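Here are some friendly notes to read alongside the structure. Take the points in order, and find each residue on screen as you go.

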Amino acid sequence: MRARPAPGRRGRLVCFAAVGGVNTLTFSACYLPLHRLLPYFAAYTAAFAVSMVGAFFLHTYVTYRTRPTWTKFLLFPLTQVTNYGVQSAGLVALVGWCGLDTALAPPVAALCAVPFSYLLSRRILRPSHRPGPARPGPAAQAGPPPARSGPAA
């Protein structure tokens, strides 16, 4: 079976958004039941961890069409620390300062963190394109330009 080519930038953004939607559903499926058993921030943290593992695999296979590796798996959570920080700060601000319901605040905080999440996951998960040996272009193959003789016209 032949691998599908990686999508272009616009395609990656669409895939990233689709995976984000699935990830949000996964998060909600974990957070809402846990929210009944645990304080909201503990439920949020547990749901975030579960959904992050799912996001890793979906982004490697769907968004960037690359193979997951242990290195990427171990680095992915490190890049998500910023995402977690932005979402956590947003969650606390939305609940504590704005009075938003604790069941509605996480998706709103997640929307604020999307740009950070995209840039960081792209940096870690995108296949690296190692340049091969430099090949001279047509001008370099033709040799130096001919020397001019005589006065300039």
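1. Let's begin with a term: a pocket is an open set of grid points where a 1.4 Å probe fits, with protein on both sides within 12 Å along at least five of seven lines. Please keep in mind that the model is predicted. In this model, the largest pocket holds about 450 Å³ of space. Its lining is made up of 24 residues, and Gly20, Asn23, Thr24, Gln87 and Ala110 are the closest to the centre.

2. Which elements give two or more residues to the lining of the largest pocket? They are α1 (9–37), α2 (40–63), α3 (70–97) and α4 (105–125). As for the kinds of residue in that lining, 15 are nonpolar, nine are polar and none is charged.

3. Next, look at the rings. The whole structure contains 13 aromatic pairs. In one of them, Phe56 and Phe73 meet edge-to-face, with 5.1 Å from centre to centre and 75 degrees between the planes. Because Phe56 belongs to helix α2 and Phe73 to helix α3, this pair ties together parts that are 17 residues apart in sequence.

4. Are these two rings buried or partly exposed? Phe56 has a relative accessibility of 1%, so it counts as buried, the cut-off for that being under 20%. Phe73, at 24%, counts as partly exposed.

5. Phe73 also takes part in an aromatic pair with Phe57. That pair is tilted, with the centres 6.1 Å apart and 35 degrees between the planes. It links distant parts of the chain, since Phe57 sits in helix α2 and Phe73 in helix α3, 16 residues apart. Phe57 has 35% relative accessibility and therefore counts as partly exposed.

6. There is a cluster of rings to find as well. Phe27, Tyr31, Tyr40, Phe41, Tyr44, Phe48 and Tyr84 are linked into it by ring pairs. Tyr84 is also a handy partner for a distance check: its C-alpha atom is separated by 9.7 Å from that of Ala49, although the two residues are 35 apart along the chain. Ala49 is in helix α2, and its 37% relative accessibility makes it partly exposed.

7. Now follow helix α2 itself. Its buried residues are Ala43, Tyr44, Ala47, Phe48, Ser51, Met52, Ala55, Phe56, His59, Thr60 and Thr63. To make sense of such a list, remember that an α-helix has 3.6 residues a turn, so residues three or four places apart point the same way.

8. His59 deserves a stop of its own. This residue of helix α2 has 5% relative accessibility and so counts as buried. What does the side chain of His59 make a polar contact with? The partner is the side chain of Thr63, at 2.9 Å. Leaving aside residues up to four places away in sequence, His59 touches Phe16, Val19, Tyr64, Arg65, Phe76 and Leu125.

9. One of those neighbours, Arg65, makes a good last stop. Arg65 is placed in the loop between α2 and α3. Its phi is positive, about 45 degrees, although the residue is not a glycine. Arg65 is partly exposed, with a relative accessible area of 29%.

Definitions and conventions:
Residues numbered from 1 in each chain as written. Predicted model: local features only at pLDDT ≥ 70, side-chain atom pairs only at ≥ 80, totals over all residues. Heavy atoms only, no water. 1 Å grid on protein atoms, 1.4 Å probe; cavity = no way out; pocket = protein on both sides within 12 Å on 5 of 7 lines; lining within 4 Å. Points joined across faces, edges and corners; volume = space filled by probe spheres on them. Helix = DSSP H or I, 4+ residues; strand = E, 2+ residues; numbered from the N terminus. Nonpolar A, V, L, I, M, F, W, Y, C, P; charged D, E, K, R; others polar. Phe/Tyr/Trp six-rings, centres within 6.5 Å; stacked < 30°, edge-to-face > 60°. Buried < 20%, exposed > 50% of the residue type's maximum accessible area, 1.4 Å probe, protein only. Polar contact = N/O pair within 3.5 Å; in protein donor to acceptor, adjacent residues only side chain to side chain. Contact = heavy atoms within 4.5 Å.
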